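Trainee: Please give me a close look at one part of this model, starting from a single side chain and following its surroundings outward as far as they lead.

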Amino acid sequence: KEEGRRQIRWGILGCAGIAKKFIATIKREGEGEAVVVAVGSRDSSKAASFAKEHSIPKSYGSYDAVLLDSDVDAVYIPLPCSLHAEWTIKSASHHKHVLCEKPFCENINQAREAIEACHKNNVQLMDGVMWVHHKRVLEVEQQMPKIGQILRINSHFTFHLNQDRENNIRMKKQCEPLGCLGDLGWYCIRGILFGFGQELPFRVYGHAVYDKPSSSSNDNHVPTSFSGMLFYKDGRVASFDCSFNMEKRSYLEFHGKEASLLIDDFCKANKDEHAEFKIIPPFPAPVEIIRLKETCDQEVNMVRCFHNIIRSGIIDHKWTKEVLNAQLVTEALVKSAEIDA
């Protein structure tokens, strides 16, 4: 820790498994940079047990109590998506900076209200998408001119959700109504928007697949596979698919007039110390593999970015814009899938 450097103090709303990963990330950033000082749960005994396990000095039997704690600078929200808007708004009203898990909200109205609350109270908002903080993203941006104007973007993020599928929170509409679109497709949409410079499409098409008995409706189910297309002016197009029913895939492809750029592990580099991507020129020219020389911990980079914004005292609206754009596209895809048009 640099002399005089402000230590950021965190509160966590809930005791979800992913919160344990967040605590580990805070510790990896380095001693004195940040610390988790409080955790809250609707079950006070659960909060106390979680606090003891992770050496957190304070535990509370409610989320509100965390927000009332004057020692908390920022809150991490690993709650179900159905609670994100409510607790982002409440956190902002207590002047706490917010790092919220993705997908941000259930719908665009919630997202706008939550973002407005953060703006009004001058607090930073960021979603928990980590791949955008990897050093590889900067290198990709530098190499993009090699492929020329991007005409098409493809993205895929899938894995088999097998373990206790019936009881998994991802399958519960009251908690995660967007299903695989919110859990996995959010990453794909962020990748497409990154490639097209945060430009929004003028039209989208979405198709959802559900796990359900043939005689039931989709009212109590979430999409377990989703395919989407995004249409842009000048004939540019993007497509993606996400699913809980396929082998692990995590691809992001940019196809330009001159060449293509491929990242085949875009959500998390298979080997952080050798993160790479490929430039694929027209045949028969050889494929160029660009490999980072330095190690990179994208989780640490994310929290470090967040901490530096808080220390600067200047809110970075880039992150709220990216969240809002992703929510806009997600909502349009949901509506398209509902009417099949």
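Mentor: H84 is buried, with a relative accessible area of 1%, where buried means under 20%, exposed over 50% and partly exposed in between, for a 1.4 Å probe and protein chains only. The model is predicted, so that local features need pLDDT of at least 70 and side-chain atom pairs count only at pLDDT 80 or more, while totals for chains, interfaces and linings use all residues. Residues are numbered from 1 along each chain as its sequence is written, and side-chain values use heavy atoms, with hydrogens and water left out.

H84 belongs to helix 4 (residues 84-93); helices (H or I, at least four residues) and strands (E, at least two) are DSSP runs numbered from the N terminus. A polar atom of the H84 side chain lies 2.6 Å from the backbone oxygen of L79. Leaving aside residues up to four places away in sequence, H84 touches I77, L79, C100, E101, K102, P103 and F104, contact being heavy atoms within 4.5 Å.

F104 carries the picture onward, since under that sequence exclusion F104 touches H84, T88, A111, A114, I115, L125, W186, V323 and Q327. F104 is also among the residues with the most contacts inside the largest nonpolar core, which has 97 residues, and W10, F22, W131, F240, F254 and L261 are named with it. Such a core is a set of buried Ala, Val, Leu, Ile, Met, Phe, Trp, Tyr and Cys residues joined through side-chain atoms within 4.5 Å.

Two sheets can be described around these residues. One is an open sheet of six strands in the order 3-2-1-4-5-6, with parallel pairing, where two strands pair if DSSP finds at least two bridges between them. Its edge strands, strand 3 (58-60) and strand 6 (125-127), each pair on one side only, and neighbouring strands are turned by 25° against each other on average, direction ignored. Axes are lines fitted to C-alpha atoms, for helices over the stretch in contact, and angles run from 0 to 180 degrees between N-to-C directions. Three bridges join strand 2 (residues 34-40) and strand 3 in the parallel sense, and G40 stands opposite Y60 in strand 3. Helix 1 (residues 17-29) lies across strand 1 (8-13), strand 2, strand 4 (74-77) and strand 5 (97-100), running at about 160° to strand 2.

The other is an open sheet of eight strands in the order 8-9-10-7-11-12-13-14, with mixed pairing. Strand 8 (203-210) and strand 14 (288-291) are its edges, each pairing on one side only, and the twist averages 15° from one strand to the next. Helix 7 packs on this sheet, touching strand 7, strand 9, strand 10 and strand 11 (245-256), and its direction makes about 155° with that of strand 10. Helix 9 (residues 317-339) also packs on the sheet, touching strand 8, strand 9 and strand 10, at about 65° to the direction of strand 8.

Strand 10 (residues 237-243) is mostly covered, with seven of its seven residues buried. Its two faces are V237, S239, D241 and S243 on one side and A238, F240 and C242 on the other, all of them buried. Strand 7 (residues 150-160) pairs with strand 10 in the parallel sense over seven bridges, placing N154 opposite S239 and S155 opposite F240. Strand 9 (residues 223-231) runs antiparallel to strand 10 and is joined to strand 10 by seven bridges, with S227 standing opposite D241. These two strands form a hairpin with five residues between them, and D234 in the turn has a positive phi of about 65°.

C242 leads to the cysteines. A disulfide is a pair of cysteine sulfur atoms within 2.5 Å, and by this rule the count comes to zero disulfides. C242 is in no disulfide, the nearest cysteine sulfur, that of C180, being 3.9 Å away. The sulfur of C188 has its closest cysteine sulfur in C242, at 5.8 Å, and is therefore too far away for a bond. Both residues are covered: C188 is buried with a relative accessible area of 0%, and C242 is buried with a relative accessible area of 1%.

Conventions: A polar contact is a pair of N or O atoms within 3.5 Å; within protein, one must be able to donate a hydrogen and the other to accept it, and residues adjacent in sequence count only if both atoms are side-chain atoms.
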